[in-house]
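Biologist: Could you take me on a close look at the metal site in this model? I'm a first-year student, so please go one step at a time and then show me what else there is to see.

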Amino acid sequence: MSDDAKTETSEEVSEQQKMVPIAIAEFLNGMVSPADLYIRLGSAKDILVFKSGAKFEQERLNKFLDKNITHLFVSYEDLKKICDSAVSFAEAGISQRFLDMTKKAFLLQNATSSVYRSFENLGIELETFGAATKTADAVLEMVNSDYDILSMFEILHSADHHLAGHAVAASILAPVIGYEMGFQRPATMKLLALGGFMHDIGKSQVPPEILDKPLARMNSAELKEYQQHCLRGAEMLKSLKLKSDDLMAIVFQHHERNDGSGYPQRLRGQKIHPLAKIVGLASEFLNMVMPNPRFNKKPYSHDEALSMISHGFGQPFEKDVYEALCRVVGKKENKKAS
Ligand SMILES: [Fe+2]
């Protein structure tokens with residue numbers, strides 16, 4: 001046990017409120033701990049292992065992993081400090097030329113996990129929304145670089161937070177499709193990145209036992225509850241009084257489909273916000289091609305997913321958006337071949 005741990009008894013720590021687990025993988029060698037971090041031994045026995053300001057050393061982190069300790073715990077009140085630190089690390093890392101794409105993807109994934117953890121545990125507030133905006137801006141900076149962006153989806157699925165891998169991937173893919181369609185205005189690109197990042201935010205309010213079920217196995221009550229995530233997400237944004245009707249529309253309408261087969265309002269064609277159509281298709285595609293550890297289902301290849309979207313499901317998606325996605329995927333395949 002470390003000296004830090006010896007200074008605090010389990011009785012003292014158990015006085016603390018609820019604690020939130022964070023995967024050890026999110027703490028990087030050389031990074032300074034933004035808050036006091038604990039390991040949990042039993043239900044109410046928490047031991048301080050990193051004081052706020054202590055430097056993480058890989059060797060020490062590995063020792064916890066060797067003992068099958070995969071998470072450190074932080075108090076609710078310190079959750080925001082962890083989030084701010086992860087977002088600052090991602091912002092700094094993305095702007096570094098010497099960092100490779102895998103490391104940048106890892107930093108973005110960490111920041112996204114941290115932001116979603118805050119949404120889930122603390123609800124939405126302006127400060128956390130600001131962290132989401134900064135992360136989406138960092139994603140956009142990555143999109144604007146010369147990386148083979150789609151190969152990031154293979155890295156991102158392992159995000160510790162179940163919603164984060166999908167959120168950061170959609171935050172990448174939506175503006176990539178937007179660029180391919182000819183959108184150029186920076187404000188539009190920011191909206192697509194943030195819309196991709198936030199579109200499923202309402203799922204943070206859906207019971208995990210429902211989210212853990214594949215759609216096909218949900219009963220009608222569960223499906224109804226699941227589909228509420230669009231409304232809940234919009235309500236969360238509304239509570240911030242942001243005055244961003246576009247972002248609200250993306251979140252509320254990302255499951256609407258051109259042929260009226262979507263939800264929650266069964267809107268058709270022109271009634272659906274054009275950016276919601278882009279985020280909606282990006283999200284659908286990613287659900288097919290990214291592994292989902294909770295369902296243990298083999299992901300489809302990019303071509304299989306495109307084929308299913310185009311033939312298997314009728315024509316629920318806007319042709320222009322679908323064709324842009326095909327070109328994006330085609331470019332990636334060409335890059336692989338060359
Ligand atoms: Fe959704």
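Modeller: Let's go straight to the iron ion, keeping in mind that this is a predicted model. Four residues coordinate the iron ion: D200 through OD, and H229, H254 and H255 through NE2 in each case. The distances run from 2.1 to 2.2 Å. Now look at the angles. The 4 donor atoms subtend angles of 87 to 178 degrees around the iron ion, and that spread is why the arrangement counts as irregular. If you were hoping for a tetrahedral site, all angles would have to lie between 85 and 135 degrees, and the range here goes up to 178 degrees.

Next, find these donors along the chain. Their spacing in sequence can be written D-x28-H-x24-H-H. D200 sits in the loop between α9 (186–198) and α10 (208–211), while H255 sits in the loop between α13 (245–253) and α14 (274–289), so this pair ties together parts that are 55 residues apart in sequence.

Are these two buried or exposed? D200 has a relative accessible area of 6%, so it is buried. H255 comes out at 11% relative accessibility, so it counts as buried too. The cut-off to remember is that buried means under 20%.

D200 has another partner besides the metal. It forms a salt bridge with K203, and the closest N and O atoms are 3.3 Å apart. K203 is itself buried, with a relative accessible area of 10%. So when you click on D200, look for both the iron ion and the K203 side chain.

That brings us to salt bridges in general: a search of the whole structure finds 14 of them. Let's pick out a couple away from the metal. E127 forms a salt bridge with K80, with 3.6 Å between the closest N and O atoms. E127 belongs to helix α6 (residues 126–143) and K80 to helix α4 (residues 79–94), so the pair ties together parts that are 47 residues apart in sequence. Both ends are partly exposed: E127 has 46% relative accessibility, and K80 has a relative accessible area of 26%. There's a third member to find here as well, since K80, E125 and E127 are linked in a network of salt bridges.

Now try K81, which forms a salt bridge with D78, the closest N and O atoms being 3.2 Å apart. The two ends don't match in how covered they are. K81 is partly exposed at 42% relative accessibility, whereas D78 is buried, with a relative accessible area of 12%.

While you're in this part, look for S85, which is also in helix α4. At 14% relative accessibility, S85 counts as buried. What does S85 touch, leaving aside its neighbours within four places in sequence? The residues in contact with it are M31 and P34.

One last stop, for some strands. Strand β2 (residues 37–40) and β3 run antiparallel, and 4 bridges join them. To see how they line up, find Y38, which stands opposite L48 in β3. Strand β3 (residues 46–50) is mostly covered, with 5 of its 5 residues buried. As you trace a strand, it helps to know that in a regular strand the side chains alternate between the two faces of the sheet.

Key:
Residues are numbered from 1 along each chain as its sequence is written. This is a predicted model: local features need pLDDT of at least 70, side-chain atom pairs count only at pLDDT 80 or more; totals for chains, interfaces and linings use all residues. Side-chain values use heavy atoms; hydrogens and water are left out. Buried means under 20% relative accessible area, exposed over 50%, partly exposed in between (1.4 Å probe, protein chains only). Helices (H or I, at least four residues) and strands (E, at least two) are DSSP runs, numbered from the N terminus. Two strands pair if DSSP finds at least two bridges between them. Donors are N, O and S atoms within 2.8 Å of the metal (3.2 Å for Na, K and Ca); water is not among the atoms, so sites may look incomplete. Four donors count as tetrahedral if all angles lie between 85 and 135 degrees; four count as square planar and six as octahedral if opposite donors are over 155 degrees apart and all others between 65 and 115; anything else is irregular. A salt bridge is a side-chain nitrogen of Lys or Arg within 4 Å of a carboxyl oxygen of Asp or Glu. Contact means heavy atoms within 4.5 Å.
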